[in-house]
Amino acid sequence: MGEEIGAGAVGRARLTEAQRMAFRRDGVVKVPGAVDGSTVGQMSAAVERWLASPGSAGGTGMDRRVYARDDAFNAFVFGTDLAALAADALDSERIRIYFDQIFVKPAGAAERYFHWHQDQPFWPIRGSQVASTWVALTPATVSTSALEFVAGSHRWDKEFRPYFGERSTTEDLNRMWPHFGDRAAALDDRIEAFEDHPDRFDIIGFDVEPGDVLLFSYRIVHRSRGNPTDRARVAVSYRWLGDDALWAPVPGADPVIGPEDTAMTPGSRIDDDAVFPVVFGPLTSAP
Ligand SMILES: O=C(O)CCC(=O)C(=O)O
């Protein structure tokens, strides 16, 4: 049957002190080679299979919460050390999975993909212990669509209005999912061309090789440019929730998990083990 995933048991991964400090200071840290070559191969094959499947997210090169319906993707969540890395960065006893997300940026993809954004304004989640591990499955440099970040922006008291370039009207966004545009329009903080102000903003980008992980706060401002190469750029991002993550549903938040999926009370600590399974740390609270 399936090959074993990952190099070691879940829970063994640890960041160095310098990596933990960088994550706290900048909101992002690169963990080189955090996913072993064999697992990278299996993830790449799983993404290839997903791409070849009929109607794979309408050719957008994106899909969310794949782990909940696909055994291979499930094993990458529960059988790798990614959640342990998040626990270490966030200093969290327990880590739950929110969702995994495939990002395939096709050869020649235009610059308009992924303008500067935070993840927080999209999600019905609040808290300080929320982060992603973005796993590179193909090499990329910043100019061929590896991720860039505004260092320290995870500490700004800002919630930026989602911006998708020319597709950013309220109507456009409402077509992406219900009430998304209305929610975006209610946010006053506007993304700017941070890269034009090196005196005010410290932009850090990370060239990556397959197996490198970028670990970043859901509040940090980040983006990726177009992909001018003749090869797709492939990554899978894992969204992790730590101890202080709260369930904060609002109309227009990402419907990948919505109020109809859980009985949790808005404003409560996330404790629904069926919808947000524990991946690292004690399995449940006291019976
Ligand atoms: O893969 C990309 O280009 C975008 C990824 C991203 O924005 C994320 O993981 O939050």
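These are my notebook entries on the fold, the charges and a few salt bridges of one protein.

**Entry 1, overall shape.** I note at the outset that I am working from a predicted model. I looked up the secondary structure and found 6 helices and 12 strands in the protein. I then asked how the radius of gyration stands against that of a compact globule: for 287 residues such a globule would have a value near 19 Å, and the 18 Å of the protein agrees with this. Along the principal axes, the C-alpha atoms fill a box of roughly 45 × 45 × 45 Å.

**Entry 2, burial, contacts and surface.** I find that 53% of the 287 residues are buried. Turning to contacts with a sequence separation of 6 or more, I see that 84% of them are between residues 24 or more positions apart. For the accessible surface I have a total of about 12,700 Å², with 52% of that area belonging to carbon and sulfur atoms.

**Entry 3, charges.** I looked up 30 positive and 42 negative charges, and the mean positions of these two sets are 2 Å apart. The structure holds 18 salt bridges, and I followed three of them in turn.

**Entry 4, Asp-88 and Arg-14.** I took up the salt bridge between Asp-88 and Arg-14, in which the closest N and O atoms are 3.9 Å apart. For reading that distance I keep in mind that the cut-off for a salt bridge is 4 Å. Where do Asp-88 and Arg-14 lie along the chain? Asp-88 is in helix H4 (residues 82-90), while Arg-14 is in the segment before helix H1 (17-26), so that I have a link between distant parts of the chain, 74 residues apart. Asp-88 has a relative accessible area of 7% and is therefore buried.

**Entry 5, Asp-254 and Arg-64.** I next looked at Asp-254 and Arg-64, whose side chains meet in a salt bridge at 2.6 Å, N to O. This pair also links distant parts of the chain, 190 residues apart, with Asp-254 in the loop between strand S11 (246-247) and strand S12 (278-280) and Arg-64 in strand S2 (residues 62-64). Is each partner buried or partly exposed? Asp-254 counts as buried because its relative accessibility is 4%, whereas Arg-64, at 24%, counts as partly exposed.

**Entry 6, Arg-225 and Glu-148.** The third salt bridge I followed joins the side chains of Arg-225 and Glu-148 at 2.9 Å, N to O. Arg-225 lies in the loop between strand S9 (222-224) and strand S10 (233-241) and Glu-148 in strand S6 (residues 147-150), so this pair ties together parts that are 77 residues apart in sequence. I record Arg-225 as partly exposed, with a relative accessibility of 26%, and Glu-148 as buried, with a relative accessible area of 5%. I then looked for salt bridges that share partners, and I found Arg-14, Glu-17, Arg-20 and Asp-88 joined by them into one network.

**Entry 7, Asp-182.** I ended with Asp-182, which is placed in helix H6 (residues 180-185) and, at 40% relative accessibility, counts as partly exposed. Which residues does Asp-182 contact once its neighbours within four places in sequence are left aside? I find Thr-170 and Asn-174. I also noted the distance from Asp-182 to Glu-171, 11 residues apart along the chain, and their C-alpha atoms are separated by 8.4 Å.

Note on methods:
Residues numbered from 1 in each chain as written. Predicted model: local features only at pLDDT ≥ 70, side-chain atom pairs only at ≥ 80, totals over all residues. Heavy atoms only, no water. Helix = DSSP H or I, 4+ residues; strand = E, 2+ residues; numbered from the N terminus. Rg over C-alpha atoms; globule rule 2.2 N^0.38 Å. Buried < 20%, exposed > 50% of the residue type's maximum accessible area, 1.4 Å probe, protein only. Contact = heavy atoms within 4.5 Å. Areas by Shrake-Rupley, 256 points an atom, 1.4 Å probe, with all protein chains shown as cover. Lys, Arg positive; Asp, Glu negative; His and termini not counted. Charge placed at Lys NZ, Arg CZ, Asp CG, Glu CD.
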